[in-house]
Structure formats: C-alpha cells, structure tokens
Amino acid sequence: MRRHIDTAVRMTLLTAVLLGLLYPLAITGAAQILFPGAAGGSLVQAGGRVAGSAHIAQAFSQDRYFSPRPSAAGGGYDAMASGASNLGPTSRELIDRVASDVRAQTEVNPGLSAGSVPVDMVTTSGGGLDPDITVANARAQAARVAEARGMSRAEVLRFVGAHTTGRTFGLLGEPRVNVLKLNLALDRAAPATQAGR
C-alpha cells in the first residue's frame, strides 16, 4: 500500500511541475518569441500611450468616432465579463432592444433608414467584444463622422477603405474594419478638438 501512495505522490508532483510550471513557461516563451505583439495583448499605441487592444472593442460615444457593435459584456465592452446576452430570436427583450437601437441609429446617422441599418450595427457579437464592424456598418456611420469632423464623406470613406481587412486567407469571414485603428487614424489626420471618447 505504501508503495502505491509513494508512486501517486511522485506522479502528482511530476505532473504538477511538468504541466503546471514547465509547459506554461515553454508556451509563454515560444509565444513571446514567435508572436510578441499578440502575446503582449495586441496593444495599439497612440501619442505615446496605450489606446487599447486591436482585439477588444471599446465604447466610443462622440459623433466624431465610429462606434463598434453593441455589447452585452457586463455593463458593455467589459473584458472581464465577456459573453453574449443569451436572448433568443423570439425574446421580447431582444426584439425591443434591437428596435430601439434601430431607431437610435437612424436618428444619429444621416441618410440611414430603418430598412437599411446593417445587422451588426444593432446586434451584439457572441463575446460582446468584437473589435471589428462590417464595411456596410462603417459606410452607414461615415456621414455622421464626416459632419462631426468637418470632413467630406468621401474623405472619411477613403479612411474606411484604407482600414478594411479582407477575408482571412482570402475565403474565411467577411471584409471588416477595426474600429479602434480607424478612429485613431482619423484622429491623426484631423486631431480631436474635444478630449475623451
């Protein structure tokens, strides 16, 4: 019996050291060497400070900024509470929220009608932190952003085009626009006159 207990204790210690210490250190080290940006959180710098992560959405409330998809993560865009609303397509709460969001989007985005609101403009992503929006969503917001910045819609659309990423490997997903990177590029071209987002 004693021999079995000794073997069990030794195996527990061995696997704890191998899988709890050495393996995580090896994987972390490999990630730091092979993918240093991603391993460090894909942080985006602006003006010598960290503006956010390229992979985590954040709220932009001023008209001069493009807005990400709505978020159901915590109080909204909370990386510590990532998740969907879990409301089904027949949920009255979801139907009412989407209808309210459609009305809000048509009020703040010139030329946008209820029938032309892009789906990702009023629906949350599975994790609530999707940093990208569709090209249609960006185009729908372009007039509002252009007016708030004193730019032409065509100028803003050129920024959208320059910050559009194609399908992954040329076939997966849809073309998309990273909201943080687009907003920062606009700020560099036409610096914000108001602080904050």
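Is Phe60 buried or exposed, and at what relative accessibility? In this predicted model, Phe60 has a relative accessibility of 6%, so it counts as buried, the cut-off for that class being under 20%. A ring partner comes with it. Searching the whole structure turns up 1 aromatic pair, and this pair joins Phe60 to Tyr65. The two ring centres are 5.3 Å apart and the planes meet at 45 degrees, an arrangement classed as tilted. Tyr65 counts as buried too, because its relative accessibility is 3%. The ring of Tyr65 has a further neighbour in Arg149, whose charged end sits over it at 5.3 Å from the ring centre.

Helix H5, which spans residues 153-162, offers a second view of the interior. Its buried residues are Val156, Leu157 and Val160. These three lie on the same side of H5, because the arc they cover around the axis is only 100 degrees. On the face turned away from that buried side, H5 carries the exposed residues Arg158 and Ala162. The cover over the buried residues of H5 includes two helices, H4 (135-149) and H6 (179-189), together with strands E4 (164-165) and E5 (176-178).

A word on confidence is helpful when looking at the model. The average pLDDT of the chain is 88, and 96% of the residues reach at least 70. Residues 193-197 are a stretch to treat with care, as pLDDT stays under 50 there. For this stretch the model has 14 contacts beyond four places in sequence. Predicted coordinates should not be read in detail where pLDDT is low.

Technical notes: Residues numbered from 1 in each chain as written. Predicted model: local features only at pLDDT ≥ 70, side-chain atom pairs only at ≥ 80, totals over all residues. Heavy atoms only, no water. Phe/Tyr/Trp six-rings, centres within 6.5 Å; stacked < 30°, edge-to-face > 60°. Buried < 20%, exposed > 50% of the residue type's maximum accessible area, 1.4 Å probe, protein only. Lys NZ or Arg CZ within 6 Å of the ring centre and 35° of its normal. Helix = DSSP H or I, 4+ residues; strand = E, 2+ residues; numbered from the N terminus. Arc of directions from axis to C-beta. Contact = heavy atoms within 4.5 Å. pLDDT = per-residue confidence, 0-100.
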